[in-house]
Amino acid sequence: MECRKRAKNRTSFINNPFRRVVKVPKVKDSSIFWCMLALARLYLATVQTGYIHPDEFHQSVQVMARDLLNIDAKKPWEFHPENPIRSVTFSAVVSLPYVFIKYVAPFFTYYLGYELQSPYNLLVAPRILMTFLSFIADYSVYRIARMCFLRPWCCVEVFASSYIMLVYATRTFSNTMELILMAVLLWRVCESMVESTKIIRKQNVLQDLYESAETLQDKVKLVRIKSKLPPYNYVDSAIISVVVTYGAFVRPTFVIFSFIPVAFWLQRGVVTKEVDFSYFNLRCLSLLPGIVVTFLTCVLADSFYYGSLTFTELLFWNVTGRSFIVTPVNFLLYNANENNLATHGLHPYYLHLVVNLPLLHGVLGLLGLWSVSKYMASFITNDMTKKPKIFSIATMLLATFILPVLVLSAVPHQEPRFLLPTLLPLVILHSDDVLLISGKRLKAFKHLCFLAWHVWNIFCVIFFGFLHQGGVTKTMMRVHEHILLQPPHTNTHIVFSDMYTPPTFLLMRRINVVAVAEDGRKYRMAKSVFTYDVGGSRAVSDLHEVTSRIYKEALQNSTRDAELVLCLPASLSEELYNSKPENVSLRRLQRVRGHITMEDPPDMVIDAASFTESCGHVCQFLRRLDQFSIDIIGIYFGPRPDRSERVASLEKTFDIDDETFEVIDEAFDMNEEIFSRKEKTKESNHETFIIDEKTFGTVKKTFRVTEETFEMDEDIFDTDDETFDTNDQTSGTNDQTSGTNDQTSGTDDQTSGTDDQATDTQDQATDTQDQTSDTQDLTSSARDQTSNTDDKSYADIDNFDLKDDYFDPFEDEFELSDEPLIPNTKTYAIRLPKPPKVAAHTREEL
């Protein structure tokens, strides 16, 4: 009996003719699956690396990172002050975590030693906020399902298992906010329709009883009962007006999605003549206060932000029509020009229906199109038994789904994310079709829908959440770490090619950097990091010409050293190496894996090869698979010593084995900048630098080799000690010679007649002086040999300034961490002497 009643109520409110209404089994809904999906959504918000579209950053976080955190990031053309088409109100909401980071980061650094303002936190913090806001949409679906006598947790489970909620809803898209606002609007409209229907029916019943009442007492009772009925005409007018107006500033297309729900809210009981038509006009007027207040708030916020209006001008009303900026109007005027749309890409009119809907919703989108076709067929054939009521919730949801798709299909530029709000009506209408609620006698079609729904969403989460342009954000973080390791006097020029527009705010470059000298004077530091996005419309061989021009301009415009770094997909690296000029050398600094680009995919065709060869089919396939990456390549202009030449120069210095040789050569290639800092350090305090696992191992091996070199120095200094002993003996001989001379002089005075004896004594003195001169020559030769040995031993190791206290160089000068700096990562720390204060401030501008 209870199941029949539930099925009857469901039929009366939903009135969905597209599936046969059967006896609803008594199933207890469980929220455990939704809780698991909610936790998965929060987790995915922190680990996703996929890059769906540049608007994820350009319409929100990149702009606010510049304004709030003083980070050097280029503002997109949509935010140009002359004719902006994006409202700052959406960016302000999404970037609220940046306000928290700005004021709380100093306390984290001081008390906890944790740098809160990092590239990872700047990327993840707004995503976490959007994820929490997306739970509002889940709650709205739950409330709508309860009002429609559906299984609420089943609807929420289908809604949360969509990859739209797992991927798009965790990103800072304006379309995500459009989806959330649409969910709130549908919730309030559906609730108003349900409550209005109940109250109107009670009013009609009471009116009929009042007219048929015979006594005055009965009429008074009926009037009292009617007066106690709750109001229903203007209850949700404030919420609906604010949501619709703010949604229009977030995305002007929100007006298209909200048109059907607002129309159904306005006509409640009017078209069916259950209430007077004057209520329609009063409901329209009730929306005006919320529309006016929200509109003025958004317009003033945009006008103040873009600088067309100041508070003083507003206070004295020194304003004109151009002082106010209405971004939705600018948006519509821009998109009305087809030439503007051509710069973003023109698409056929059927793309939304044929491609984008199935791409977004999978089997759910196909079921929605099938429902619309059946409704239109029943409407054309005038089959009243199959056609639902025009003013039912089912009709409203169906129209909310198909009408925006048809209207947006008339616009030549079409992207799948424009249709995100259509997920809500599809879930309410067809959630039962993609879930296996009961295992009794289910048709194979339902099993197929269940399997297709979940397989498609899992695939899209992996592809769009992690792989699609997945190396861009990771590359920005790697480049940020690379910049921190550069000497203060070096300008770094970074070129991005054949990838989505890079979010340069992740490089953490300061706009204005003030350095403090030792005497307390402050001065502004020059910009040291420059980025160039060359796009992907040019040939790979042309990149050498582009980079050469950038390098020449860098040397002409600054007296600093210039370093050039190129980031491009690994599938194009081989062509870049093959086309390089003779005076250019390339060195791959890092390879960032997990990057799929549909514009330049690698060639996966495997040449015919035998498994017995050095590289067979499997080896070739793995090499092709490794090209789904981004290469960070250092470009060097002019002659650069060959590896064999560097090795030969080291072999002339001292005898070491080949393995140690390779370690030293690689260490000097990878850590030349790190060791050069040690030479210029004059302070005793240290500073920590981040190095990867490979560099860490190389540095430790190099230190062991250096320790052996220092032991060689001990032998050299022992030779110096022996030389000094020889000098002491020579000095004693000189003293004896001087004494002999004194005695000879005394003998001359006393015995002037003994000339023969004096002559013999002088001959002996002359012989002694000759021996002394020979000894001094030997001493000088020993010193020369010692000096030559010292010069040869350290001719090519100029990064180590050898002194007496360097026999134990690891005690005070270097510190290496034995454990990773961050748990479960391959990042270590090396502590080196800290540069002077001015150099330290130069590093802070990065």
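This predicted model holds zero disulfides. Cys148 shows why one candidate fails: its sulfur lies 5.7 Å from the closest cysteine sulfur, that of Cys190, which is too far for a bond. A disulfide would need the two sulfur atoms within 2.5 Å. Cys148 is also buried, at 0% relative accessibility. Another cysteine, Cys449, counts as buried at 2% relative accessibility.

Aromatic contacts come next. The count of aromatic pairs is 22. One of them joins Tyr163 and Tyr168, whose ring centres are 6.1 Å apart with 55° between the planes, a tilted arrangement. Both residues are on the buried side of the cut-off, Tyr163 with 1% relative accessibility and Tyr168 with a relative accessible area of 5%. Trp317 and Phe324 form a tilted pair as well, at 6.4 Å centre to centre and 45° between the planes. Here Trp317 is exposed, with a relative accessible area of 58%, while Phe324 is partly exposed at 26%.

Tyr163 and Tyr168 also belong to one aromatic cluster, together with Phe173, Trp456, Phe459, Phe463 and Phe464.

Some rings carry a charge over their face. The charged end of Arg188 sits over the ring of Trp187, at 4.9 Å from the ring centre. For Lys219 the ring is that of Tyr210, and the distance from the centre is 5.5 Å.

The strands can be followed through an open sheet. Five strands make up this sheet, in the order β4-β1-β5-β7-β6, and their pairing is mixed. β4 (529-535) and β6 (584-593) each have a single partner strand, so they stand at the edges and one side of each lacks a neighbour in the sheet. From one strand to the next, the twist averages 20°.

Strands of a sheet pair through backbone hydrogen bonds, in either a parallel or an antiparallel sense. The pairing of β1 (residues 490-497) with β4 is parallel and extends over six bridges. Within this part of the sheet, Ile494 has Thr531 of β4 as its bridge partner.

Helices pack on the sheet. Helix α23 (residues 471-484) touches β1, β4, β5 (561-569), β6 and β7 (629-637), and its direction makes about 125° with that of β6. Helix α24 (residues 542-557) lies across β1, β4, β5, β6 and β7, and runs at about 155° to β5.

Methods: Residues numbered from 1 in each chain as written. Predicted model: local features only at pLDDT ≥ 70, side-chain atom pairs only at ≥ 80, totals over all residues. Heavy atoms only, no water. Phe/Tyr/Trp six-rings, centres within 6.5 Å; stacked < 30°, edge-to-face > 60°. Buried < 20%, exposed > 50% of the residue type's maximum accessible area, 1.4 Å probe, protein only. Lys NZ or Arg CZ within 6 Å of the ring centre and 35° of its normal. Pairing = 2+ DSSP bridges. Helix = DSSP H or I, 4+ residues; strand = E, 2+ residues; numbered from the N terminus. Axes fitted to C-alpha atoms, helices over the stretch in contact; angles between N-to-C directions. Contact = heavy atoms within 4.5 Å.
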